[in-house]
Amino acid sequence: MLVSLVKVRDHSYKFISASPFAPNLGAEIYGVDLSKSISEEQFGDIFQAFLDHQVLFFKNQKEIPPDVHIAFGKRFGELHAHPAAPTMKGYPEIFEIHADKNSKIANGEFWHSDVSCDLEPPLGTMLQLHVLPECGGDTMFANMYMAYDSLSKPMQNFLNGLRASHESEHFYRNRYEKQDQLDPKKKYPSAIHPIVRTHPETKKKALYINKFFTTRIEGLSKQESKLILEYLFNHCEKTDFQIRYRWNKNDMAFWDNRCTLHKAIWDYHPMERKGRRVTIKGTIPY
Ligand code: SIN
């Protein structure tokens, strides 16, 4: 156990109730009804809890209509348009998360930070699930501040200042067939980001690489890059940094893509799992 890294966050909030999900990551949020408009005071507490806990799980919710979900997302900033996934009819801001007996893929099956291949990758993602399988369909999250903090100083020094390519062509091309058919010449995004990023709000350092999108470290030979990335991907997947969330119907999860990774477990085929996701645009990582 990484005793030195584990500390239960003990902030108190006036307008919401936040109960730590685990000592390393996440909080369950009570006393907020997302179907109604959120006061400035509540919003302030939610924002602070988001920075403190990195992933929030809003409990005891009703299914919120798409426009309410969009409006809540917009409180945190401009919304992000997904470069590949089809959107909900009439709601270009909404990415429908859905898998059932006919699905060939399910979204987010490997550890990743959403769309890190974008020049300005998402700040955060809000997902509400309305249809759940009888069992399974959990989502895992991992704390990337901890992943950075637990590296040795020489390794931290080595990684600070290095940058890596995040690409998506290999992943998105032919993934969502209809999109490619609509625009066969479509270019999928790529960007170069620091391997260690500074969170723009908390100023803490986090590892910012993931198996989905990160392909190559700049300035290293191909073999060096492969070895270091493999080491870092494995390091980020250490159980010490993780939580595994079991959903209840209509829970809303809101995760910070700048300092966490996540992975959706597709263990429920042929059962159905369905919800709606709104993603908030971020800034250029530094
Ligand atoms: C994702 O947005 O990566 C999917 C998360 C989930 O379905 O739990």
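Here is a walk through a predicted model, from its nonpolar cores to its cavities and a few unusual backbone spots.

Let's start at Ile-195, which sits in the loop between strand S9 (190-194) and strand S10 (196-198). Is this loop residue buried or exposed? Ile-195 has a relative accessible area of 0%, so it counts as buried. Setting aside neighbours within four places in sequence, its contacts include Leu-159, Leu-162, Arg-163 and Ala-164, as well as Ala-206, Leu-207, Tyr-208 and Ile-209. Ile-217 and Leu-232 are also on that list. If you look at the backbone, the C-alpha atoms of Ile-195 and Ile-209 are 6.1 Å apart, although 14 residues separate the two along the chain.

Now widen the view to the largest nonpolar core, which has 29 residues. Ile-195 is one of the members that touch the most others, together with Met-144, Leu-159, Leu-207 and Ile-217. Two or more residues of this core come from each of strand S7 (139-143), helix H3 (144-149), helix H4 (153-159), strand S11 (205-207) and helix H7 (222-236). Another core, of 27 residues, lies apart from this one, and Tyr-13, Ala-27, Ile-70 and Val-278 are among its members.

Next, a stop at Gln-61, in the loop between strand S3 (55-58) and helix H2 (66-74). Its relative accessibility is 7%, so Gln-61 counts as buried. What does its side chain reach? It comes to 2.9 Å from the backbone oxygen of Lys-59, and a polar atom of the Gln-61 side chain also lies 2.7 Å from the backbone oxygen of Val-32. Leaving aside neighbours within four places in sequence, Gln-61 is in contact with Val-32, Asp-33, Leu-34, Gln-128, Lys-249 and Asn-250.

The same loop between S3 and H2 holds Asn-60. Asn-60 has a phi near 55°, a positive value in a residue other than glycine. At 68% relative accessibility, Asn-60 counts as exposed. Val-115 also has a positive phi, of about 45°, although it is not a glycine. You will find Val-115 in the loop between S5 and strand S6 (124-131), and its relative accessibility of 2% makes it buried. For context, most residues other than glycine have a negative phi, and most peptide bonds are trans. With that in mind, look at the peptide bond from His-269 to Pro-270, which is cis, with omega near 10°. Pro-270 belongs to the loop between S15 and S16.

Those two strands come up again when we turn to the empty space inside the model. The structure holds four cavities of 30 Å³ or more, and the largest has a volume of about 150 Å³. Which residues lie nearest its centre? Of the 18 residues in its lining, they are Ile-97, Asn-107, Gly-108, Ala-264 and Arg-273. Strand S5 (91-99), strand S15 (260-264) and strand S16 (273-280) each give two or more residues to that lining, and S5 gives the most, with three.

Finally, the cysteines. How many disulfides are there? The count comes to zero. Cys-259 is in no disulfide, because a disulfide needs two sulfur atoms within 2.5 Å and the nearest cysteine sulfur to it, that of Cys-236, is 13 Å away. Cys-259 is buried, with a relative accessible area of 1%, whereas Cys-135 is partly exposed at 46%.

Terms used
Residues numbered from 1 in each chain as written. Predicted model: local features only at pLDDT ≥ 70, side-chain atom pairs only at ≥ 80, totals over all residues. Heavy atoms only, no water. Helix = DSSP H or I, 4+ residues; strand = E, 2+ residues; numbered from the N terminus. Buried < 20%, exposed > 50% of the residue type's maximum accessible area, 1.4 Å probe, protein only. Contact = heavy atoms within 4.5 Å. Core = buried A, V, L, I, M, F, W, Y, C linked by side-chain atoms within 4.5 Å. Polar contact = N/O pair within 3.5 Å; in protein donor to acceptor, adjacent residues only side chain to side chain. 1 Å grid on protein atoms, 1.4 Å probe; cavity = no way out; pocket = protein on both sides within 12 Å on 5 of 7 lines; lining within 4 Å. Points joined across faces, edges and corners; volume = space filled by probe spheres on them.
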